[in-house]
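Colleague: I am new to this structure and would like to go through it step by step. Could we take it as a series of questions, with the reasoning given each time?

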Amino acid sequence: MKIGDLVRFCPEAWGTPLEDRPLGVITNVGDYRDRGTTATFLMVTAIFPGDDIPYSSKIEDFEVVNENW
């Protein structure tokens, strides 16, 4: 997954049919370190149409829609 990829939430993360999951664009990919532990997560930030606030979550919560570009 990279900046500019078109994504939607995975079924496990969103829990609704494909047509109900919004499309978004990845704006940031980076590591997140959990405070107080040694855990590191790969996090992504995506922006969705009609929503001015970016959404950040674990990379596993998203699926890429345009893999071959």
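Colleague: To begin with, is Glu63 buried, partly exposed or exposed?

Modeller: Please keep in mind throughout that this is a predicted model. Buried means under 20% relative accessible area and exposed means over 50%, with partly exposed in between. The relative accessibility of Glu63 is 28%, which lies between those two limits, so Glu63 counts as partly exposed.

Colleague: With which residue does the side chain of Glu63 meet in a salt bridge?

Modeller: Side chains of opposite charge can pair when their charged atoms come close. Glu63 sits in strand β5 (residues 62–64), and its partner lies in the loop between α1 (11–14) and β2, 42 residues apart from it in the chain. That partner counts as buried, at 7% relative accessibility. The N to O distance in this salt bridge is 2.9 Å, and the residue that Glu63 meets is Arg21.

Colleague: How many salt bridges does the structure hold, and which residue forms one with Lys2?

Modeller: The structure holds 2 salt bridges. In the one with Lys2, the closest N and O atoms are 3.4 Å apart, and Lys2 itself counts as partly exposed at 41% relative accessibility. The partner is placed in the segment before β1 (6–9), and its side chain also reaches the backbone nitrogen of Lys2 at 3.0 Å. With a relative accessible area of 3% the partner is buried, and the residue that forms this salt bridge with Lys2 is Asp5.

Colleague: Turning to the rings, is the aromatic pair of Phe9 and Phe48 stacked or edge-to-face?

Modeller: A pair of aromatic rings is described by the distance of the centres and the angle of the planes. A search of the whole structure finds 4 aromatic pairs, and in the one formed by Phe9 and Phe48 the rings are 5.3 Å centre to centre, with 10 degrees between the planes. This pair links strand β1, where Phe9 lies, to Phe48 in the loop between β3 (40–47) and β4 (55–58), 39 residues apart. Planes under 30 degrees apart count as stacked, so the pair of Phe9 and Phe48 is stacked.

Colleague: What is the angle between the ring planes of Phe9 and Tyr55?

Modeller: Phe9 is buried, with a relative accessible area of 4%, whereas Tyr55 is partly exposed at 39%. The ring centres of Phe9 and Tyr55 are 5.3 Å apart, and the pair is edge-to-face because planes over 60 degrees apart count as such. The angle between these two planes is 75 degrees.

Colleague: In the strands, which residue of β4 is the bridge partner of Ala46?

Modeller: Strand β2 (residues 23–33) and β3 run antiparallel and are joined by 8 bridges, one place being Ile26, whose bridge partner in β3 is Ala46. On the other hand, β3 and β4 also run antiparallel, with 4 bridges between them. In β4, the bridge partner of Ala46 is Tyr55.

Colleague: Finally, how many residues make up the largest nonpolar core?

Modeller: Among the members of this core are Phe9, Ile26, Val44, Ala46 and Phe48, and β1 and β3 each supply at least two of its residues. Val44 touches, among others, Ile26, Ile59 and Phe62, not counting residues up to four places away in sequence. The total number of residues in the largest nonpolar core is 8.

Conventions: Residues are numbered from 1 along each chain as its sequence is written. This is a predicted model: local features need pLDDT of at least 70, side-chain atom pairs count only at pLDDT 80 or more; totals for chains, interfaces and linings use all residues. Side-chain values use heavy atoms; hydrogens and water are left out. A polar contact is a pair of N or O atoms within 3.5 Å; within protein, one must be able to donate a hydrogen and the other to accept it, and residues adjacent in sequence count only if both atoms are side-chain atoms. Rings of Phe, Tyr and Trp (its six-membered ring) pair if their centres lie within 6.5 Å; planes under 30 degrees apart count as stacked, over 60 as edge-to-face and the rest as tilted. Buried means under 20% relative accessible area, exposed over 50%, partly exposed in between (1.4 Å probe, protein chains only). Two strands pair if DSSP finds at least two bridges between them. A nonpolar core is a set of buried Ala, Val, Leu, Ile, Met, Phe, Trp, Tyr and Cys residues joined through side-chain atoms within 4.5 Å. Contact means heavy atoms within 4.5 Å. A salt bridge is a side-chain nitrogen of Lys or Arg within 4 Å of a carboxyl oxygen of Asp or Glu.
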